[in-house]
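Welcome! Take a moment to turn the model around and look at its interior before reading on. This short tour then follows one strand and its surroundings.

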Amino acid sequence: MKLIPCQACVAMRNNVGGSVSRPILTPTKRNSLLLTATTHQSIRHQAQLLKAVLKIVVLFSLLIGSLNVFVFAAFMVATFNFLTAFFASAILFFYNRSANLRLASWLTCLAVIFNVAVFIHLADGRNYSILWVMIIPPIVFFLLGKQIGAWLTAGVFAYSIALMAYQLQQPRQETQGLGALLNIIEVCTALWFLFRFYEGSRQAAYRELESLSATDKLTGLANRSKLDNLLLDVHQKRRDAEISSATVVICDIDHFKRINDEFGHLEGDRVLQALARQLKAEVGDQGVVGRWGGEEFMFIFSERDVASTVQFCEHLRTTIQNHSPSSKRALTLSFGIAQLHPQHSIEHALLCADRALYRAKQDGRNCVRCAERDV
Ligand SMILES: Nc1nc2c(ncn2[C@@H]2O[C@H](COP(=O)(O)OP(=O)(O)OP(=O)(O)O)[C@@H](O)[C@H]2O)c(=O)[nH]1
């Protein structure tokens, strides 16, 4: 922490997002990290979908092919089904070898579209075969996205409507029977599998992103945006009198710059990670600890008054002093504590905690100070 005169400190603390320390990750850098993570995540999600679609195609083609051989003696359609299973397996193999997601997705969509188009053509309007076009939209939208999905789906639907219109000119075919029943069951089951898998993986991807956006990448602790939300929550609870006390602590490593200067930035990072583990273990489920920025950490406690927060910080201070997270240099911490008052804003509590921390630094560091109004 830089020893900044209080006026400057006030100016910098005008909003909740302000910080006295120079943050190592600028907002742009943090956003780009999140963006990279999002991109990796979305590629993984897409790859899982591709594999699931291909496995469903293989499974269904084999099943339907067997039915066509043993129940309907429709050998031509069955051969076509087995060829489809073979192509889908080949695409899966190709994707596992090349990891070319785009090409594998296109091949899969084209194979499915071709397969459905030929099948409804061969079935000649019988047995509700037209229902099979229903599996095209989920597959092409999932694998190729909104725009291409919309065009391909429109094309397939146009083809089906034209085929139906043509078939209406012909004498009507019998559509009731075991074949019709099986077609309905198979299409519904395929759609059930596709949507169920899609929704499951979408929710998992969403949860992963949510936790990613709330976690500090270096230390794995709650990040600043998560801390901001927690502060809002606790403050609201205090205002609604759901809890009787709440405190916030800003804790800063003393002379951290020296570790970076003497042992390098990587060692500095390792120390931050080791300290984060210690802080998390110490706070347990008594409160929340997060990385406020740079070498500053924040604790938020509900149902804990100033006196017991001081006690906790004193314990933490001596623990870190005696068991330094750095093997290369003894480390000490300075603490600033403030209450979260229902009548005052969160910004005010942060300003008070920051001023208390400033006094701790001025008083020689390695000590705990409370906001003056809370003493
Ligand atoms: N390695 C590493 N260093 C960081 C990170 N974030 C902030 N720092 C460093 O933390 C140091 C903070 O320095 P100062 O604000 O001068 O504070 P200090 O040296 O800890 O001294 P006092 O707070 O006054 O006791 C700077 O050298 C930053 O580069 C990080 O994520 N990794």
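Let us begin with how the strands come together. In this predicted model, strand β1 (residues 246-253) pairs with strand β3 (residues 296-302) in the antiparallel sense, over seven bridges. Strand β4 (residues 333-339) also pairs with β1, again antiparallel and over seven bridges. The table gives one facing pair for each of these partners.

| Residue in β1 | Partner strand | Facing residue |
|---|---|---|
| C251 | β3 | F297 |
| I250 | β4 | G336 |

How many residues of β1 are buried? Eight of the eight are, so the strand is largely enclosed by the rest of the structure. In a regular strand, side chains alternate between the two faces of the sheet. Here both faces of β1 are covered: one side carries A246, V248, I250 and D252, the other carries T247, V249, C251 and I253, and all of them are buried.

Now for the wider interior. The largest nonpolar core has 48 residues, and V248, V249, I337 and A353 have the most contacts inside it. Which helix gives the most to this core? That is helix α11 (residues 346-362), which supplies nine residues. Apart from this core lies another one of 30 residues, including V57, I64, A88 and Y95.

V248 is a good place to zoom in. Leaving aside residues up to four places away in sequence, V248 touches L231, M298, I300, A338, L340, A349, L350 and A353.

Notes: Residues are numbered from 1 along each chain as its sequence is written. This is a predicted model: local features need pLDDT of at least 70, side-chain atom pairs count only at pLDDT 80 or more; totals for chains, interfaces and linings use all residues. A nonpolar core is a set of buried Ala, Val, Leu, Ile, Met, Phe, Trp, Tyr and Cys residues joined through C-beta atoms within 7 Å. A residue is buried if 20 or more other C-beta atoms lie within 10 Å of its own, exposed if 12 or fewer, and partly exposed in between; C-beta atoms are placed from the backbone. Helices (H or I, at least four residues) and strands (E, at least two) are DSSP runs, numbered from the N terminus. Two residues are in contact if their C-beta atoms, placed from the backbone, lie within 7 Å. Two strands pair if DSSP finds at least two bridges between them.
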